[in-house]
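Subject: Structure handover

Hi,

Here is the structure I promised to pass on to you. Please have it open while you read, as my notes on the disulfides and salt bridges follow straight after it.

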Amino acid sequence: MFVLGLLQAVTPLAQAAGETPSSQPSPTLPSAASPSATPAASTEPASTAAQPGVPISTMTPQAGSRITLVLFDEDIVLVGGRDFAAGDEVTVAAETISLGASALTKTDGDGRFILGFRVPADFKGTVNVKATQGAAAAGTLDVIGPEAAAQEFKTAPALPDLPVQRSAGTAGTATSTASPSPAAVGSPTPGASSQQSPTVGVTASPGTLPSPASSAAAGSRGHRLFGSASPSAALPATALPATTVPAASPSVTGLPAVPSADPTSTTGAPAPAAGGASDIDAGGAKSGLPWLSGFQSHQLAQLTDFGNWRGRPNDLVHVYTDRTSGWGGLVQPSWPVDLFKGFAGKLLISEPTYPKGQGDNGACARGEYDNEWKKLGSFLVEHGRGDSIVRIGWEFNGTFMYWHTDADPATFRTCFQKISAAIKSTDPQVKIDWTFNAHNSPVPTGNSPWGAYPGDQYVDYVGIDAYDHFPPSKDDATWNKQCEDVNGLCYVIRFAREHGKKVGVGEWGVASCSGDGGGDNPFYIQKMFETFKAAGDVMGYDAYFSDPTPGNVCSTITNGGQNPKAAAVYKKLFGTGSS
């Protein structure tokens, strides 16, 4: 039967001070079990609260008029309600075709509540929720449990064995075998015909996800220019941890294996495309690694502690803007930029394509948001952060993101082009990152993200977010299959070489709590490092994602936490190796 329980893991904001912030602002509704924990009014954006949370890739928001449904950690449906009578009881019922449950909860002093229903791990279907207090409010959420998702991945049809292809019109390129366009054969690689000018009209329909009500605007803050310090001298090559670069592994799907990073292996490779990544940092000046290496954090002290722990300073910090506070939170992001005034490294900034509840990709593709995105470029320049890397609409290939692409990727593709061009028009130094979620692509059609690639002239980094789950990598055969898949890291590396781009890995980590995670898996850490190193000619950056929250991915590796074996290997390979 449907498993029901009040979610004890939901931490009220007032109790969360000092914890690691989530990559996605957690629900601002307090637990119904703790009405007294409702925080006092603040001028800070909701997402600035130092609160633990799940990686962005595990949350699936959909909203009704008075209730919001969110998929938490793949098998828990969170129900948040607002605008109910304060301090009074609400009946909340959840049901599917064959399962059902209900609960009675009480609202807090502001008429809000939050509780959770847990679905079986093998469940796949639509959950209908109704909250009744006099009049009823209803909402629906499509849910696929972790076991069902893993089974779908295992039984997915074989992907077409087609080579990657450079975009047409790229200067200095070698002639490559032409592939049919994805529209014709479902190719994982977009052909020239799939790339659009930013001025081309869009005929595809915009996304149809319902939009939740917008949050209050964030409070303003003062600004001062960033004063960059001189970067540390790069460590000599002999300071790198000793490791053996593996031989190219045989391809399970027939795709070519990733070549060695030996300079001779890239002789005669195509030159970087115009507007590409030839001027991107060759390596980590602060860390001494052959690529930029860093950490996801919204606390300067935590970022510093991570560098001290591993024994190598951070070259960059990965931050997420406040997408619940309107356009100001996205394009004038004093938070989180001001948090790192004392950090001399680079900012990696993840941005949705529009604020939550205030737009759609169709309007973006028509250029209606161009002036807003020009403000972001100006803001970065004014704050001494013109050299930032901006990840536009990351993980667009998962329906858990409200900005996700449709089955037809044309609208998202043109929207991305518009945003990239607008930011670069006011900040020519900025680098633009196109990132998808690893392992599979529910959208666009074809289980491949590449139909949504916007074209070489709009992209500097091709990126991937990859956690050790769905499936976890416990041996070379499993690693090779998921890495060389069209949704995998090795495919991204080959694409970057063919297109003159750099590779970005903005989120990655072990997964101790995920439904299909590999746990404390040092093998995964080893394979990620070996792959980064073997791709040294195109490897741009990595940022480890640390999530300590019970019930989420549990990827933390610092300070003797959840994954001590993985931590030891990470410290050996990415750090000094000292205990």
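The link of C483 and C490 is right-handed, with 90° about the S-S bond. In this predicted model, the sulfur atoms of C483 and C490 sit 2.0 Å from each other. C483 has a relative accessible area of 1%, so this cysteine is buried. C490 is buried as well, at 6%.

How many disulfides does the count come to? There are 3 disulfides, and if you number the bonded cysteines along the chain, the pattern reads 1-2, 3-4, 5-6.

Another of them joins C364 to C415, with 2.1 Å between the sulfur atoms. This pair ties together distant parts of the chain: C364 belongs to helix α6 (residues 361-365), while C415 belongs to helix α8 (residues 410-426), and 51 residues separate the two. The C364 and C415 link is right-handed too, with 90° about the S-S bond. Is this pair buried or exposed? C364 has a relative accessible area of 1% and counts as buried, and C415 is buried at 0%.

Then there is the disulfide of C513 and C554, whose sulfur atoms are 1.9 Å apart. Here too, distant parts of the chain are linked, this time from loop to loop. C513 lies in the loop between β16 (502-509) and α11 (522-534), C554 lies in the loop between β17 (539-544) and α12 (564-574), and the two cysteines are 41 residues apart. Which hand does this disulfide have? Its torsion about the S-S bond is about -85°, so the disulfide of C513 and C554 is left-handed. The two ends also fall into separate accessibility classes: C513 is partly exposed, with a relative accessible area of 28%, whereas C554 is buried at 1%.

Now for the salt bridges. Side chains of opposite charge can pair when their charged atoms come close. The model has 11 salt bridges by the rule used here, and I have picked out a few for you.

The one I would look at early on is between R112 and D108, where the side chains meet with 3.7 Å from N to O. Are these partners buried or exposed? The limit for buried is under 20% relative accessible area; R112, at 14%, therefore counts as buried, and so does D108, at 3%. This pair also belongs to a wider arrangement, since a network of salt bridges links D108, D110 and R112.

R366 and E368 form another salt bridge, their closest N and O atoms being 2.9 Å apart. R366 has a relative accessible area of 52%, so this arginine is exposed.

Where does the salt bridge of E372 and K375 lie? Both residues are in helix α7 (residues 370-382), and they are 3 residues apart, about one turn of the helix. Their closest N and O atoms are 3.4 Å apart. Both side chains are partly exposed: E372 has a relative accessibility of 21%, and K375 has one of 38%.

That is what I have for the handover. Do write back if you would like to go through any of these pairs together.

Best wishes

Definitions and conventions
Residues are numbered from 1 along each chain as its sequence is written. This is a predicted model: local features need pLDDT of at least 70, side-chain atom pairs count only at pLDDT 80 or more; totals for chains, interfaces and linings use all residues. Side-chain values use heavy atoms; hydrogens and water are left out. A salt bridge is a side-chain nitrogen of Lys or Arg within 4 Å of a carboxyl oxygen of Asp or Glu. Buried means under 20% relative accessible area, exposed over 50%, partly exposed in between (1.4 Å probe, protein chains only). Helices (H or I, at least four residues) and strands (E, at least two) are DSSP runs, numbered from the N terminus. A disulfide is a pair of cysteine sulfur atoms within 2.5 Å.
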